[in-house]
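Trainee: I've just opened this one up and I'm new to it. Can we go through it together, one question at a time?

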Amino acid sequence: MVPEKAYDDKFDVASNSNSAPHVEFYDPSKESVWTRIGLSLESFKRAPGTTGGIQIAGDLDGVDKEKLRADNPMLQQKMKPRHLAMIAVGGSIGTGLFVGSGAALNAGGPAGVMIAWILMGLMLIILVSVLGTLGYAEEEFWSSCLKLLVVVMFIFIGIICICGGGPKDGEYNHYIGAKYWHEPGAFANGFPGVCAVFVTAAFAFSGTELIGLAASETPNPRATMPGAVKGTFWRITIIYVTSLLIIGMLVPYDEPRLLNGGGAAASPFVIALDRAGIKGLNHFVNATICVSVLSIGLSSVYAGSRTLTALAETGYAPRFFSYVDKSSRPLWSVVATLLFAPLAYINVVAAGNTVFTWLVALSGLSTIFTWMAICLCHIRFRMAWVRQGHSIEELPFKALGGVWGSWFGIILLVLVLIAQFYIAIWPVGGMSDDPKEVVKNFFASYLGFPIILIFWTIGYIWKRTLPKAIADIDLDTGRKSWLTVEEMRAYREARKDAPRYVRIYRMLFSN
């Protein structure tokens with residue numbers, strides 16, 4: 001049952017079950033359509049309250065549900081299931097796959113790329129299982145559709161070319177099979193090459209955790225999240241692994257354009273289509289890469305603004321960043337994030353590459369630490385859930401592998417950090433004889449680690465707080481599923497009566 005005392009204190013409600021909570025809910029439907037879509041001056045005004053739009057599951061009395069509805073994010077629940085599903089499937093298909101995989105192929109060879117992407121992909125499947133606006137959602141939906149179309153189309157074209165069905169004037173007019181896995185070989189630089197590819201693979205997968213943020217802007221995360229999680233599995237297995245396997249069979253790792261080409265010209269997808277002699281399609285891929293860059297920029301603004309708003313709400317950022325307008329935009333957080341956009345123009349000056357290298361170094365390992373924190377939070381959540389008298393059967397969704405999956409993720413990420421440390425000191429191609437160059441290369445690869453430690457130290461000095469004891473972790477604030485063990489058992493038993501094809505579909509693609 002809901003802990004009445006905690007919610008009564010929070011919302012100033014008498015503990016009598018007949019009392020009504022003193023909470024005003026905001027109804028955006030009463031606003032004009034221009035305000036709802038953010039195109040009127042009225043839309044920029046502060047939202048007067050939460051919409052209480054996230055659904056609550058459990059047999060609770062009306063007063064309890066009203067108080068739980070009030071404990072809701074200020075952001076409105078505008079996203080539909082199709083948005084969340086496509087963000088999961090295509091949200092992080094971008095330059096990491098289309099362009100970054102070229103440098104990875106050159107450094108690690110086709111086998112090195114496959115090892116790194118499969119291991120990082122397996123960890124990502126576990127991570128997204130643990131994670132358990134509308135303008136951005138629509139853009140991401142349609143751009144993801146385009147990226148998905150291009151990758152699936154490339155997979156079919158690649159299979160035809162490998163089998164010798166390419167144009168007669170191209171290089172794939174005869175069967176090549178796994179030729180490039182033998183000549184020049186499967187591994188480009190041995191063990192160091194494989195180590196160098198892991199961070200590239202992590203960069204390519206970064207952004208997958210966005211569905212955890214987006215879930216709070218859907219009316220029923222309990223129903224939509226499982227499908228999004230399973231969409232991640234299919235994205236990793238079909239899109240990434242299959243397309244990279246085909247790339248490794250079409251393009252040798254010693255192809256000069258992989259490193260000497262600039263921008264989209266270094267994309268192994270573009271190079272493979274050029275080698276095949278297929279006219280025009282390479283330009284279509286180039287256009288898709290441009291759309292992907294735009295999509296990644298919008299995703300970064302979306303994630304950055306929501307994270308900054310959450311920091312403000314928890315006291316780790318200035319309070320004005322918690323401002324959410326009537327169109328559900330965290331306005332000042334979006335403005336603050338966009339202020340960094342002009343840094344992109346640094347790349348047009350002569351020193352642009354140097355500045356860009358150090359900007360990337362500042363955040364290069366941030367994805368690894370973010371994923372590690374998510375896995376650690378899941379482990380502590382499970383420990384607190386059991387310690388505080390709950391059953392795992394109460395959980396509406398269980399992460400793949402459970403606690404052991406999260407431990408696997410942490411161990412794998414620690415190994416990636418060790419591998420990156422190894423590459424930072426002994427880079428591919430050997431260590432420089434100049435000590436200054438060695439130090440420069442090390443910090444260009446590992447600067448993110450001391451930056452994380454500095455931020456953690458500042459946070460501790462500022463707030464003087466340590467992680468809570470397992471028994472003291474708050475499991476109820478923001479909780480929307482209050483189903484008992486008996487109710488969950490009955491729910492799962494009822495689902496077993498569905499036809500076999502429905503159960504197979506649910507197992508593979510849905511909740």
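Trainee: Which ring does the charged end of lysine 463 sit over?
Mentor: Keep in mind that this is a predicted model. For a lysine, the NZ atom has to be within 6 Å of the ring centre and within 35 degrees of the ring normal. Lysine 463 has its charged end 5.2 Å from the centre of a ring, and that ring belongs to tyrosine 316.

Trainee: And how far is the charged end of arginine 329 from the centre of the ring of phenylalanine 44?
Mentor: Here the CZ atom of the arginine is the one that counts, again with a limit of 6 Å. The charged end of arginine 329 sits over the ring of phenylalanine 44, and its distance from the ring centre is 4.4 Å.

Trainee: Next, arginine 464. Is it buried or exposed?
Mentor: You'll find arginine 464 in the loop between α20 (448-463) and α21 (485-495). Its phi is positive, about 55°, although it is not a glycine. Exposed means over 50% relative accessible area. Arginine 464 has 59%, so it counts as exposed.

Trainee: What about serine 328, buried or exposed?
Mentor: Serine 328 is another non-glycine residue with a positive phi, about 70° in this case. Its place is in the loop between α14 (281-313) and α15 (331-338). The cut-off for buried is under 20%. Serine 328 is at 0% relative accessibility, so it counts as buried.

Trainee: Where is the proline that follows a cis peptide bond from glutamate 183?
Mentor: The bond runs from glutamate 183 to proline 184, with omega near 10°. As for the place of proline 184, look in the loop between α8 (179-182) and α9 (190-205).

Trainee: How many aromatic pairs does the structure hold, and is the pair of tyrosine 422 and tryptophan 426 stacked, edge-to-face or tilted?
Mentor: The count of aromatic pairs is 12. In the pair you named, the ring centres of tyrosine 422 and tryptophan 426 are 5.6 Å apart and the planes are at 45°. Planes under 30 degrees apart would be stacked and over 60 edge-to-face. With 45°, the pair of tyrosine 422 and tryptophan 426 is therefore tilted.

Trainee: Which residues form one aromatic cluster with Tyr446 and Phe449?
Mentor: Start with the rings of tyrosine 446 and phenylalanine 449, whose centres are 5.8 Å apart, with planes at 40°, so this pair is tilted. Tyrosine 446 is buried at 8% relative accessible area, while phenylalanine 449 is partly exposed at 31%. The others in their cluster are Phe369, Phe421, Phe442 and Phe443.

Trainee: How is α11 oriented relative to α22?
Mentor: Helix α11 (residues 221-250) packs against helix α22 (residues 500-509) with the axes 7 Å apart and an angle of about 75°. Angles from 65 to 115 degrees are the ones that matter here. That makes the two helices roughly perpendicular.

Trainee: Which residues of α22 does α11 meet?
Mentor: The contact has four nonpolar residues, one polar and two charged. On the α11 side are Gly227, Lys230 and Trp234, and in α22 they meet Arg506, Met507, Leu508 and Phe509.

Trainee: Last one: which residues does alanine 215 touch, leaving out those up to four places away in sequence?
Mentor: Alanine 215 is in the loop between α10 (210-214) and α11. At 7% relative accessibility, alanine 215 counts as buried. The residues touching alanine 215 are Leu84, Pro221 and Met225.

Notes
Residues numbered from 1 in each chain as written. Predicted model: local features only at pLDDT ≥ 70, side-chain atom pairs only at ≥ 80, totals over all residues. Heavy atoms only, no water. Helix = DSSP H or I, 4+ residues; strand = E, 2+ residues; numbered from the N terminus. Buried < 20%, exposed > 50% of the residue type's maximum accessible area, 1.4 Å probe, protein only. Phe/Tyr/Trp six-rings, centres within 6.5 Å; stacked < 30°, edge-to-face > 60°. Axes fitted to C-alpha atoms, helices over the stretch in contact; angles between N-to-C directions. Parallel < 35°, antiparallel > 145°, perpendicular 65-115°, else oblique. Contact = heavy atoms within 4.5 Å. Nonpolar A, V, L, I, M, F, W, Y, C, P; charged D, E, K, R; others polar.
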